[in-house]
Amino acid sequence: MLNLVLFGPPGAGKGTQSAKLIAKYGLIHLSTGDLLRAEISAGTTLGLEAKKLMDQGILVPDAVVIGMIENKLNENKEAAGFIFDGFPRTEAQAQALDNLLAGHQLAINHMIALEVSEEELTQRLLERGKTSGRPDDQNEELIRKRVQEYGEKTAPVAGYYAAQNKFSGINGIGEIEDIFSQIIAIIEG
């Protein structure tokens, strides 16, 4: 089973590369953003609380996200693997994910980080905001807050996976196919 963490700040291209990886390897996509947006659109209590936090650029609590991921693991026991997109965001989440996966006799194989500058991210997200309808993609101040929060809280997760020899960083700026080829080289190394 192939289990990947696709890592990078908002707008780095995780969704684009995830779609390509899913098509190639038959993985189940676990995007915490998508899971949360589904809860929001369903109007659940969890979704309403998550929306309030997301609209402020604040991360949703770990226990909520881990619970949603466990539900998806249980729903997809025959999967070829999973791609974690936007999670884990902190070292504590990475440890919780490792513990959760170990309970299912699974582990993360690779953590691949798409590295993109703050200015490029800001422009990408503002452009995406024109069609996504997401308020957090339309406000430059919120975008910069999300990128800053990523840098402060999330980037240290790379060290957690590097200590396990599972981390690889690649340039997330360039042609989509070139970036995808680099990811494949890491996976099939």
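Visitor: Which residues does UniProt list for "binding site" in the unreviewed entry that includes Thr 32 and Arg 37?

Guide: The unreviewed UniProt entry lists Thr 32, Arg 37, Ile 58, Leu 59, Val 60, Gly 86, Phe 87, Pro 88, Arg 89, Gln 93, Arg 134 and Arg 146. UniProt positions follow the numbering used here, feature names are shortened, and annotations may be inferred rather than shown by experiment.

Visitor: How do you know whether these residues gather at one spot or not?

Guide: They span 115 residues in sequence and the farthest two C-alpha atoms are 25.0 Å apart, so they do not all gather at one spot. The lining of the largest pocket nevertheless includes residues of this set, among them Pro 88 and Arg 146. On a 1 Å grid over the protein atoms alone, a pocket is an open set of points with protein on both sides within 12 Å along at least five of seven lines, and lining residues have an atom within 4 Å of a point.

Visitor: On what kind of model does this rest?

Guide: The model is predicted: local features need pLDDT of at least 70, side-chain atom pairs count only at pLDDT 80 or more, and totals for chains, interfaces and linings use all residues. Residues are numbered from 1 along each chain as its sequence is written, and side-chain values use heavy atoms, with hydrogens and water left out.

Visitor: What makes Pro 88 buried or exposed?

Guide: Buried means under 20% relative accessible area, exposed over 50%, and partly exposed in between (1.4 Å probe, protein chains only). Pro 88 has a relative accessible area of 1% and is therefore buried. Arg 146, in helix H7 (residues 140–154), is likewise buried, at 11%.

Visitor: Why is Gly 174 called partly exposed?

Guide: Gly 174 has a relative accessible area of 49% and is therefore partly exposed. Gly 174 is in the loop between strand S5 (167–171) and helix H9 (176–188); helices (H or I, at least four residues) and strands (E, at least two) are DSSP runs, numbered from the N terminus.

Visitor: Why are H4 and H5 called roughly parallel?

Guide: The axes of H4 (residues 62–75) and H5 (residues 91–103) come within 11 Å and cross at roughly 30°. Axes are lines fitted to C-alpha atoms, for helices over the stretch in contact, and angles run from 0 to 180 degrees between N-to-C directions. Angles under 35 degrees count as roughly parallel, over 145 as roughly antiparallel, 65 to 115 as roughly perpendicular and the rest as oblique. H4 and H5 are therefore roughly parallel to each other.

Conventions
1 Å grid on protein atoms, 1.4 Å probe; cavity = no way out; pocket = protein on both sides within 12 Å on 5 of 7 lines; lining within 4 Å.
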